[in-house]
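Open the model in your viewer and keep the selection box at hand. The tour goes from domains to helix pairs.

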Amino acid sequence: MKTIKSVVAKIIALLLIVLFTNCSAQKNDVYNSLMEFTNTIKVINTHEHQRTPSELEYSKYNFWTLLHKSYLVADVNSVGTKNLTVEIINKSSLDEMWNMFGEQLNYTANTSYYKHFLEGIKKCYNYNEPVFTKEGIELLSKQIAAKYQNYESWFDECFHKFNFETMFLDQYWAPHNFDIDKKHFTLIFQANKLIYDIGPGKLVYTEQNSDFNEFAKITGVEKINTLNDYLAFTDFMIQRAKQNGAVGIKNSMAYGRSLDYENVSRDRAKELFNKSPEINKAEEKELQDFLLHYILDKAAENNLPVQIHTGYLAGNGNQLENGKPTKLNNLFLLHPNTKFDIFHGGFPWTGEFVALGKMFPNVYLNLVWLPQISKQRAIVTFDEMLDCVPYNKFFWGGDCHLIEEAVGSLEFGKQVVCEVLAKRIENEQMNDETARKIIRAVFSENAIKLYQLDE
Ligand SMILES: [Zn+2]
């Protein structure tokens, strides 16, 4: 009797093991097959700040250079011991760098910034360690130095290998440069400068400026004296950007001020403009607020969606509250014909971000950078987006300065999307066909539609 019981128990245990192994294998199968499918999509990356080494201040390219130009530098500095700077990288050997920053780097091994950076390095170079080590960094630095001998070809190689179709380029460092490499990039008009510079006192468009020269030739306005002149110049710049291929307008002003843009009347703006530069900070803000509203109307007239940075700010030390997504609420109400693409999941206010996308037909939700900031929050947020908002309104972007980090970011973006969708398929909340439609929408089709890339 005892033996029969024990044999039955053994059979049941075996059956359970087989069943369990099968289940988890199937789970991985769903995820893996979604990832495989995602890898076949030519990705429209809706936000990048890609630079070329010739524009940057580094005298050499190694692991530490790439780290310094990545988001991970904020975590390394956040450890609170010592700041990693260009000067230190330029003058120090790899040994010295590891002695100064190895421990700090190790402390960041748990963060999403660290892991997506590592992911990008692994995809682009021959690097298989689970973490960055002193020896690994030495071997890696040799590979990096070799590839950066000809960055243009290295960039192009990675761009195609990882299946990018185009990257939207936000040149915050050169907001009015419209002469970009169109083989890889699509122009976004960075509007911060135009908004910050309003007022005759702060006017930077002198006779040396080719944009202003062109404007003067067409309009006969040789100096900006009135608000009307400035608005005419604003119109001119938007047109010029559009003629040069811009598909949208970008606002990342949360880095410098709050996102609450009051509705200021034209008369009040005129009064302040005429008083400028003898105006105080609050009045300066009113002028900027007025111009932003004006630009939003022009964006609607010109069919240019407006991308807005919301939430957490890159780097170390700033006013977090500046980027709270609900501060934009009045803009969405006052400009129903303007299309808003709001960025970064509004982290840490991801719930606000999702709710705004649900409430407003003209508000679109961009996951850009969120998977790198916090992969876990990106998973929760994307799940919430699927619960609340139609999927024609979702986008992905990288938001990086060099190609390796963009590659790591794309991998994280794919992992987040596929993990959430795979779970829904396993729970029978969604079928495979819908999941694949959503993947295509997030990584390509939605951006093609909203930004009219087919035209
Ligand atoms: Zn950005």
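This is a predicted model.

**Stop 1: the two domains**

Select residues 52-151 and colour them; the domain assignment calls this stretch domain 1. Then select 170-450, which is domain 2. Place a centroid on the C-alpha atoms of each domain. The two centres are 30 Å apart.

**Stop 2: where the domains touch**

Now show the residues in contact across the two domains. Domain 1 contributes 16 residues and domain 2 contributes 17. Stay on the domain 1 side. Select helix H3 (72-78) and helix H6 (112-124): each supplies at least two residues of the side that touches domain 2. H6 gives the largest share, with nine residues. Colour this side of domain 1 by class. You get seven nonpolar, six polar and three charged residues.

**Stop 3: H11 against H13**

Move to helix H11, residues 227-243. Add helix H13, residues 281-301. The axes of H11 and H13 come within 11 Å and cross at roughly 40°. How do H11 and H13 lie to each other? They are oblique, because an angle of roughly 40° is outside the ranges for parallel (under 35 degrees), perpendicular (65 to 115) and antiparallel (over 145). The crossing of H11 with H13 is right-handed.

Show side chains at the contact. From H11, pick Leu 231, Thr 234, Asp 235 and Ile 238. They meet Leu 291, Tyr 294, Ile 295 and Lys 298 of H13. Sorted by class, this H11-H13 contact holds five nonpolar residues, one polar and two charged.

**Stop 4: H12 against H13**

Keep H13 on screen and swap H11 for helix H12, residues 266-275. The axes of H12 and H13 lie 10 Å apart, and the packing angle is about 130°. That angle makes H12 oblique to H13. Which hand does the crossing of H12 and H13 have? It is left-handed, whereas H11 passes H13 in a right-handed crossing.

Select Arg 268, Ala 269, Leu 272 and Phe 273 in H12. Opposite them in H13 are Glu 283, Glu 286, Leu 287 and Phe 290. This contact of H12 with H13 has five nonpolar residues, three charged and no polar ones.

**Last view**

Display H11, H12 and H13 together. On H13, label Leu 291, Tyr 294, Ile 295 and Lys 298 for the meeting with H11. Label Glu 283, Glu 286, Leu 287 and Phe 290 for the meeting with H12.

Conventions:
Residues are numbered from 1 along each chain as its sequence is written. This is a predicted model: local features need pLDDT of at least 70, side-chain atom pairs count only at pLDDT 80 or more; totals for chains, interfaces and linings use all residues. Axes are lines fitted to C-alpha atoms, for helices over the stretch in contact, and angles run from 0 to 180 degrees between N-to-C directions. Helices (H or I, at least four residues) and strands (E, at least two) are DSSP runs, numbered from the N terminus. A crossing is left-handed if the near helix is turned anticlockwise from the far one by less than a right angle, and right-handed if clockwise. Two residues are in contact if their C-beta atoms, placed from the backbone, lie within 7 Å. Ala, Val, Leu, Ile, Met, Phe, Trp, Tyr, Cys and Pro count as nonpolar, Asp, Glu, Lys and Arg as charged, and the others, Gly among them, as polar. Domain bounds come from an automatic or database domain assignment.
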